Structures are given as structure tokens and as C-alpha cells.
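Here are some notes to read beside the model. Please keep the sequence and the 3D view open while going through the points.

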2 protein chains.
Amino acid sequence: MASHRAPRLAKKPPDQYHHGDLQRALLQAAVRTIQKHGIAGLTLRAVGEELGVSRSALYRHFADKAALLEAVAREGFRTFRLALLAGWEGAGRGLAGFDAMGMAYVHFALEHPWHYRVMFGSGFDRSASNPELTEESSGAFQVLVDALVELQGQGLVRSDDPQSLAHFIWALVHGIAMLAIDGPLQHDGVDIDALTRFAIERLHTGIAAGPSAEGRATPVTLR
Amino acid sequence: MASHRAPRLAKKPPDQYHHGDLQRALLQAAVRTIQKHGIAGLTLRAVGEELGVSRSALYRHFADKAALLEAVAREGFRTFRLALLAGWEGAGRGLAGFDAMGMAYVHFALEHPWHYRVMFGSGFDRSASNPELTEESSGAFQVLVDALVELQGQGLVRSDDPQSLAHFIWALVHGIAMLAIDGPLQHDGVDIDALTRFAIERLHTGIAAGPSAEGRATPVTLR
DNA sequence: ACCTGAACACCGTTCAAGT
DNA sequence: ACCTGAACACCGTTCAAGT
């Protein structure tokens with residue numbers, strides 16, 4: 001790019017001080033390394049090698065390894081929130097939007113399993129004051145709460161405390177995601193999509209037997 | 001214990017070859033170390049020190065560190081299964097037993113968080129053929145399946161595929177447990193017991209609004 | 001049979017030194 | 001201001017050697 005004399009081209013031009021934005025490059029390299037070698041195989045040496053940079057260069061841009069993982073989690077929560085929102089709004093909100101948001105949740109976990117693992121794993125202190133991370137995290141959660149409040153306003157969802165409802169539903173999809181990624185649903189030939197659809201149906205009508213629920217084709221959506 | 005001459009008493013008598021059952025002692029020491037220093041702080045050196053034994057002595061009884069963690073998980077699944085069964089039978093089976101089993105699930109996770117983390121964490125290969133572990137694990141799952149089949153036989157639960165129902169319910173309680181232990185429910189002042197009870201209620205009747213569910217004090221348990 | 005202790009190949013992190 | 005390279009204190013694992 002700049003004007004040096006006849007640079008001997010390596011794959012990445014080590015012209016200036018290596019990068020204009022090493023911070024961002026380190027983040028991306030960390031994600032690639034995790035995808036290749038797992039979260040335990042994320043070593044600062046491997047990250048540095050991928051960029052042709054010393055292993056201690058990272059410390060100019062991140063406090064330590066945990067901070068690097070936090071950055072990965074933050075990036076994950078950001079795109080996660082957008083995915084949930086896209087599901088909700090893409091299906092035109094309402095009960096269809098609610099269901100689409102649930103599917104989007106599980107799909108995100110299946111499509112970005114490593115991001116999801118880092119986001120909800122224990123690679124860093126969640127309690128240690130980390131305002132940026134908790135903000136992104138609760139931002140994603142808020143999408144669900146907002147949707148529930150809207151549905152309650154339309155009389156489509158029970159008028160319970162929205163926080164409790166949201167925690168309940170979040171736990172459900174989180175559980176499906178975790179069991180699908182790392183748990184026994186992984187290799188048992190379970191159709192995750194079908195299970196998720198089933199779970200969302202049961203979310204609407206419950207599991208109780210009896211004329212009020214059993215045999216009804218569509219969930220109760222009076223009014 | 002045995003007859004040596006005037007043993008200079010250390011805390012643990014290093015009389016013979018240290019232990020009659022080092023394997024079991026190592027397992028317990030591992031659990032204690034994890035409880036004290038976290039799952040990442042589990043080092044073979046720390047385990048050995050706790051027993052006054054070399055750090056390589058472990059390799060006589062476990063293939064490697066992952067095998068030690070697997071043993072912890074196996075022990076966890078065994079007592080977990082018993083806890084679920086105690087809830088189910090202690091409450092006299094039926095719907096009350098079902099609810100008690102759900103509470104027992106979450107309570108186990110809250111009372112043995114480190115065991116739970118190891119059981120469902122990624123400290124070892126779950127796919128790598130490990131028959132003993134998967135047997136214990138699916139044994140715990142089977143308690144739930146059996147209960148559901150029994151409830152279906154009594155007409156108390158929808159006649160869906162019991163496996164799907166079990167996966168759905170398992171995901172829910174697993175999600176609550178994970179969010180309560182490591183997630184944002186941890187320090188938000190959320191009453192986990194109340195949330196679990198609420199979740200189990202919603203499990204019965206669903207979240208839909210309308211006369212068929214809203215306002216009814218007790219879940220539908222016709223017949 | 002069971003355990004030790006040195007050795008090996010790895011880690012994350014620090015810090016003086018280079019440009 | 002940004003990065004290097006040596007050094008430090010840790011790891012898990014192996015293996016000859018002791019009893």
C-alpha cells in the first residue's frame with residue numbers, strides 16, 4: 001500500500017508495524033483459533049502465530065487472555081441480539097414472531113457453537129465488574145422481554161411478571177441450545193429443529209392432558 | 001495403625017504405601033480442589049499435595065487428567081439420579097412427584113454446582129467412547145422418561161412421544177440450573193426457587209392467555 | 001504393584017530493550 | 001506508540017529408577 005522499495009512479499013505484508021488495527025485482527029484470529037482447536041486450545045502463541053506477531057504483542061491491546069475471551073463473548077452477544085431481533089421482526093412480530101425468535105435463538109447456537117460456548121461458558125469472570133459485557137448480554141435478553149410485553153398488551157400471553165416469563169423461556173431455549181451443542185442431544189440423532197418446534201408448541205399450551213389442550217390443532221389464541 | 005517404631009505423626013500417617021485406596025482418595029481430593037480453586041484450578045500437583053503424594057502417582061489410577069474429571073462426572077450423575085428418584089418417589093409419584101422431581105433437579109445443581117459444572121461442562125470428550133459415563137448419564141435421564149410414561153398412562157400428561165417430552169422438560173430445568181449457577185440469574189437477586197415453581201406451573205398449563213388457562217388456580221388435572 | 005523425581009514440551013505473563 | 005525476545009513460574013505427561 002505505502003511506498004517502500006520492492007517489498008519481498010510474504011503472505012501478509014509486514015510493512016509497517018504489522019497492522020493498522022491489531023486489536024481487531026487479534027479478535028478475529030482468536031475466533032478462528034477457537035474454531036480450529038477448541039476453547040482450551042486457544043493459546044496466545046497460536047493467536048500470535050496466525051498473525052505473524054509475537055505472543056506478547058497481545059498485551060498492548062488486551063489486559064490478558066480472559067479479556068480476549070470477553071471480547072469474543074461481547075461480539076457474540078451483539079450479533080446474537082441482532083439475530084433474535086431479526087427473527088422477531090422478520091416474522092412480523094406477534095405469536096409468529098415469538099416462535100421465529102425461539103427458532104432464531106437455537107439456530108444461532110447451532111451455527112455459532114463456539115461463540116455460544118464462550119458467551120455462556122466460564123472462561124472468564126462474569127461477576128467481575130464488566131459493564132460492556134453485561135450491557136450486551138442484557139441487551140439480548142431485553143429483546144425477549146420487550147416482545148413478551150408487546151404480546152401481553154395484545155392479550156396473547158398471560159399477564160404474569162414479564163421478567164419471570166422471560167427467565168422461564170430463556171432457560172428453555174438455552175437448555176435446548178446447550179444440550180444440542182455439548183449435551184447428549186448432540187449425537188443421538190435427535191432432530192433439533194423438530195424438538196425446538198415441539199418445545200415452542202408446548203410453551204404455548206403446556207403439557208397437561210385433557211380437553212382444554214389435547215387434540216387441539218393450533219394453540220389457544222383467542223381474540 | 002500398623003506396628004512401626006514410634007512414627008513421627010504427620011496429619012496423615014504415611015505408613016505403608018500411603019493409601020489402601022488411592023484411587024478413591026484422588027477422586028475426593030479432586031472434588032475438594034475443584035470446590036476450592038475452581039475447575040480451571042484443578043491441577044494434578046494440587047491434588048497430589050492434598051494427599052501428600054507425588055503428582056505422577058495419579059497416572060497409576062487414571063489415564064490422565066480428563067479421566068479424573070470423568071470420574072467426578074460419573075460420581076455426580078450417580079447421586080444426581082438418586083436425587084431425582086428421591087424427589088419423584090418421595091412425593092408419591094403422580095403430578096406432585098413430577099413437580100418434586102423438577103425441584104430436586106434444580107436443587108441438586110444449586111447444592112452441588114461444581115459437580116454439575118463438571119457433569120455438563122466440556123472438560124473432557126463426551127463423544128469419545130465412554131460407556132460408563134454415558135450409562136450413568138442416560139440413567140438419570142431415564143428416571144424422567146419413566147415418570148412421564150407413568151403419568152401418560154394415568155392420563156395426566158399429553159400422549160406425545162415421551163422422548164420428545166423428556167428432552168423438552170430436561171432442557172427447561174437444565175437451562176434454569178445453568179442460568180442460576182453461571183448465568184445472569186446468579187446475582188440478579190432472582191429467587192430461583194420461585195422461578196422454578198413458576199416454570200413448572202407454566203409447564204403444565206402453557207403461557208397462552210385466554211379462558212382455558214388464565215385465571216385458573218390449579219393446573220388442569222381432569223380425571 | 002505402587003510410587004518417586006527428574007526431564008520434557010508446553011503454558012500465560014512480565015519486562016527490559018529495540019524501532 | 002508498538003512490538004520483540006528472553007526470562008519466570010507454572011502446567012500435564014513420560015519414564016527410568018527405587019522399594
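**Notes on the DNA surface, the symmetry and the spaces**

1. The surface near DNA strand C is made up, by class, of eight nonpolar, six polar and five charged residues. The model is a predicted one.

2. Which residues come nearest to DNA strand C? There are 19 residues around the strand, and those that come nearest are A:Tyr59, B:Ser54, B:Ser56, B:Arg60 and B:His61. Of the atoms of DNA strand C that come within 4 Å of the protein, 51% belong to sugar and phosphate.

3. Some polar contacts to DNA strand C can be listed one by one. In B:Ser54, a backbone N or O atom is 2.5 Å from a phosphate oxygen of the strand. In A:Lys65, a backbone N or O atom lies 3.1 Å from a phosphate oxygen of DNA strand C. B:Ser56 uses its side chain: an N or O atom there is 2.7 Å from a base oxygen of the strand.

4. How is chain B placed relative to chain A? A turn of 180 degrees, with a shift of 0.0 Å along the axis, lays chain B on chain A with an RMSD of 0.0 Å. The two copies are therefore related as by a two-fold rotation axis.

5. The interface should be read together with that symmetry. Of the interface residues of chain B, 100% are also interface residues in chain A, so the copies meet through the same surface.

6. The largest pocket holds about 1,200 Å³ of space. Its lining has 36 residues, and A:Ile39, A:Ser122, B:Gly121, B:Ser122 and B:Gly123 lie nearest the centre. Both chains take part: α3 (65-90) and α5 (113-120) of chain A, and α3 (65-90) and α5 (113-120) of chain B, each supply at least two lining residues. The largest share comes from α5(B), with four residues. By class, the lining of the largest pocket has 14 nonpolar, 14 polar and eight charged residues.

7. How many cavities of 30 Å³ or more are there? The count is seven. In the largest cavity there is about 180 Å³ of space. This cavity is lined by 18 residues, with A:Met101, A:Tyr105, A:Leu144, A:Ile169 and A:Val173 nearest its centre. Two or more lining residues come from each of α3, α4 (94-111), α6 (131-153), α7 (162-181) and α8 (192-205) of chain A. The largest share, five residues, is that of α4(A). By class, the lining of the largest cavity has 15 nonpolar residues, two polar and one charged.

8. The second largest cavity has about 150 Å³ of space. It is lined by 14 residues, of which B:Met101, B:Tyr105, B:Leu144, B:Ile169 and B:Val173 are the closest to its centre. In chain B, the elements giving two or more residues to this lining are α3, α4 (94-111), α6 (131-153), α7 (162-181) and α8 (192-205). With four residues, α4(B) gives the most. The lining of the second largest cavity divides into 13 nonpolar residues, one polar and no charged.

9. For a second look, set the linings side by side. The lining of the largest pocket includes eight charged residues. The lining of the largest cavity has one charged residue, and that of the second largest cavity has no charged residue.

Conventions
Residues are numbered from 1 along each chain as its sequence is written. Chains are lettered from A and ligands numbered from 1 in the order in which they are written. This is a predicted model: local features need pLDDT of at least 70, side-chain atom pairs count only at pLDDT 80 or more; totals for chains, interfaces and linings use all residues. Side-chain values use heavy atoms; hydrogens and water are left out. Copies are superposed by least squares on the C-alpha atoms of residues with pLDDT of at least 70 in both. Contact means heavy atoms within 4.5 Å. A residue is near a molecule or strand if one of its heavy atoms lies within 4 Å of it. A polar contact is a pair of N or O atoms within 3.5 Å; within protein, one must be able to donate a hydrogen and the other to accept it, and residues adjacent in sequence count only if both atoms are side-chain atoms. Ala, Val, Leu, Ile, Met, Phe, Trp, Tyr, Cys and Pro count as nonpolar, Asp, Glu, Lys and Arg as charged, and the others, Gly among them, as polar. On a 1 Å grid over the protein atoms alone, a cavity is a set of points where a 1.4 Å probe fits but cannot get out, and a pocket is an open set with protein on both sides within 12 Å along at least five of seven lines; lining residues have an atom within 4 Å of a point. Grid points are joined across faces, edges and corners, and a volume is the space filled by probe spheres set on the points.
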